Amino acid sequence: MDWLTNTIGTSIGKKLLMAITGLCFCGFLVVHLIGNLTIYGGKDFFNAYVDHLHSYGPLINVAELVLLTLAAIHVLTGTILFFGNLNARPERYVVNKSAGGRTIGSSTMPYTGFLMLLFIIFHLFNFHFADHENQTVFEIVANAFAQRGYVFIYIVAMIIVAIHVSHGLWSAFQTIGASHPKYTPLIEGVGIAFSVIIGIGFGFIPIFIFTI
Amino acid sequence: MTTAKTINLELKVWRQKGPKDRGKLEIYDAKEISTDMSFLEMLDVVNEQLTLEGKDPIAFDHDCREGICGMCGTVVNGRAHGPEKGTTLCQLHMRHFSDGDTIVIEPWRARAFKVIKDLAVDRSAFDTLIQAGGYVSVNAGGAQDANCIPIPQEVAEKAMDAAACIGCGACVAACPNASAMLFVSAKVSQLALLPQGKPEAAQRALSMVRTMDELGFGNCTNETECEAECPKEISITNIARLNREFFKAGFFSSVE
Ligand code: HEM
Ligand code: FES
């Protein structure tokens with residue numbers, strides 16, 4: 001198995017881990033968003049969706065375990081890469097200027113990533129580990145988003161997710177080697193569109209709940 | 001771009017006596033600089049003045065001064081090889097600056113590139129990378145006829161574009177992570193695209209990437225600053241190709 005650790009252990013190998021886990025998260029975001037949009041159908045429709053989801057029982061537990069593993073890989077590898085990169089330039093430049101390559105997304109990946117980690121923990125404690133015995137999931141959500149503070153935190157978090165993914169999606173394709181003059185501009189465009197859809201799609205839910 | 005015949009500048013130049021010295025920026029006046037001069041000629045003028053004053057001239061690397069050897073290069077106001085696109089420092093002309101400008105001049109900064117003196121850095125890490133696989137092993141014998149290995153024009157062009165790399169190190173200097181991926185990808189691409197380089201492609205990709213990590217270069221995060229700063233405008237599609245070559249070698253070849 002030396003060949004595997006020797007390949008994954010290199011800088012490109014670690015990037016591959018980031019790309020695969022990152023793309024899986026993008027897929028998760030799509031499914032999560034589609035599920036959440038049922039909230040626009042009203043209380044009963046949303047609760048029915050939640051019940052339907054929970055009816056899969058053990059399958060959901062497996063999915064959670066997979067997501068947790070992917071998250072651990074993404075966060076740990078990202079942290080190793082971040083410190084490795086700091087270490088690669090011990091003396092910094094006095095003047096820093098971009099030649100036009102970097103974007104807000106690309107230059108903030110580790111920071112938006114870390115903020116997302118904090119948000120995800122916060123989010124899980126809000127909803128996942130909330131009391132599910134005496135209230136419906138809709139009630140949990142409605143109670144949370146009745147408070148301005150929660151609405152604000154969630155909107156900011158969704159902007160951060162959008163910024164992370166605006167670079168992440170395209171970057172993951174480049175990392176796995178999928179670059180082609182015919183398709184790369186399309187992938188870049190889709191990456192931006194995807195991040196806008198994710199940001200707006202998730203970001204409007206707290207506002208919607210707050211206003212009803 | 002200025003149309004003035006001469007300009008006066010204030011330079012803030014990184015001065016460092018040797019690898020162990022801490023170094024700092026020092027201020028010099030560059031007076032009556034002809035706008036037809038190259039950046040290196042401007043430094044020559046300053047050095048002549050320093051020499052007349054009995055001071056140590058500024059050490060900087062250069063050789064061909066026509067943009068083909070890859071020896072020159074400093075970071076000018078935060079930009080590798082200065083502000084012009086697709087230009088080496090020796091080909092950067094002073095007409096791109098204005099009278100009264102302050103110019104901060106720093107050496108390439110990376111763990112793998114140690115400062116030797118002032119603006120001169122040790123780029124032998126690139127030589128180590130080439131030794132790790134940036135070559136083809138050719139058995140001696142009669143040279144075969146050039147036309148007996150057909151290579152599609154499109155492929156030849158891609159290889160030629162990658163081969164334009166002069167190994168100056170601007171990609172490392174410009175990369176926010178001090179990564180050498182553009183350099184390594186140019187060398188790997190140039191050879192992997194051509195039949196002569198294919199037999200050793202897997203070994204080359206693995207060996208060059210491992211050596212790159214060992215030398216202390218950073219990890220690519222697709223910031224694309226390298227491509228924007230490369231004086232030969234080497235494309236990051238080469239980096240994607242390096243990734244493909246590396247995965248092919250690591251996961252699907254029998255090379256260890
Ligand atoms: C829903 C959650 C997340 C999604 C959809 C996501 C998505 C992505 C994607 C697609 C990439 C690009 C991979 C590549 O460049 O090849 C990436 C990179 C990165 N992510 Fe995430 N990520 C998420 C959460 C996180 C978290 C929680 C952290 C951190 C603590 C994090 C830290 C990073 C870092 C540092 C990178 C840059 C790695 C590099 O460019 O080398 N991410 N992410
Ligand atoms: S001195 Fe040769 S490229 Fe500038």
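Mentor: For the linings discussed below, Ala, Val, Leu, Ile, Met, Phe, Trp, Tyr, Cys and Pro count as nonpolar, Asp, Glu, Lys and Arg as charged, and the others, Gly among them, as polar. Please bear in mind that this is a predicted model.

Trainee: How does the lining of the second largest cavity divide by that scheme?

Mentor: Its residues comprise 12 nonpolar, two polar and one charged. The cavity holds about 110 Å³ of space. Of its 15 lining residues, Cys165(B), Gly167(B), Cys168(B), Cys171(B) and Cys230(B) lie nearest the centre. In chain B, α4 (170-174) and α5 are the elements that give two or more residues to this lining. The largest share, three residues, comes from α5(B).

Trainee: How many cavities of 30 Å³ or more are there, and how much space lies in the largest cavity?

Mentor: There are four cavities of 30 Å³ or more, and about 120 Å³ of space lies in the largest. The lining of the largest cavity is formed by 16 residues, with Cys175(B), Cys220(B), Thr224(B), Cys226(B) and Ile239(B) nearest its centre. Two helices of chain B, α5 (181-192) and α7 (225-229), each supply at least two lining residues. By class, the lining of the largest cavity has nine nonpolar, five polar and two charged residues.

Trainee: Cysteines recur in these linings. How many disulfides are there over all chains?

Mentor: A disulfide is a covalent bond between the sulfur atoms of two cysteines. In a model, the pair is recognised by sulfur atoms within 2.5 Å. By this criterion there are zero disulfides over all chains. For Cys171(B), the nearest cysteine sulfur is that of Cys168(B), 6.5 Å away, and Cys171(B) is in no disulfide. Cys226(B) is likewise in no disulfide, its nearest cysteine sulfur being that of Cys171(B), 6.6 Å away.

Trainee: Does one count Cys171(B) as buried or exposed, and what of Cys226(B)?

Mentor: The reading rests on relative accessible area, where buried means under 20%. Cys171(B) has 10% relative accessibility and therefore counts as buried. Cys226(B), at 11%, also counts as buried.

Trainee: Let us turn to the strands. In what order do the five strands of the open sheet lie?

Mentor: A sheet is read by following which strand pairs with which. Here the order in chain B is β2-β1-β5-β3-β4, with mixed pairing. At the edges are β2 (24-34) and β4 (79-80) of chain B, each of which pairs on one side only.

Trainee: How do strands β3 and β5 of chain B run, and how many bridges join them?

Mentor: Strand β3 (residues 75-76) and strand β5 (residues 102-106) of chain B run antiparallel and are joined by two bridges. Val75(B) has Glu106(B), in β5(B), as its bridge partner.

Definitions and conventions. Residues numbered from 1 in each chain as written. Chains lettered and ligands numbered in written order. Predicted model: local features only at pLDDT ≥ 70, side-chain atom pairs only at ≥ 80, totals over all residues. Heavy atoms only, no water. Buried < 20%, exposed > 50% of the residue type's maximum accessible area, 1.4 Å probe, protein only. 1 Å grid on protein atoms, 1.4 Å probe; cavity = no way out; pocket = protein on both sides within 12 Å on 5 of 7 lines; lining within 4 Å. Points joined across faces, edges and corners; volume = space filled by probe spheres on them. Helix = DSSP H or I, 4+ residues; strand = E, 2+ residues; numbered from the N terminus. Pairing = 2+ DSSP bridges.
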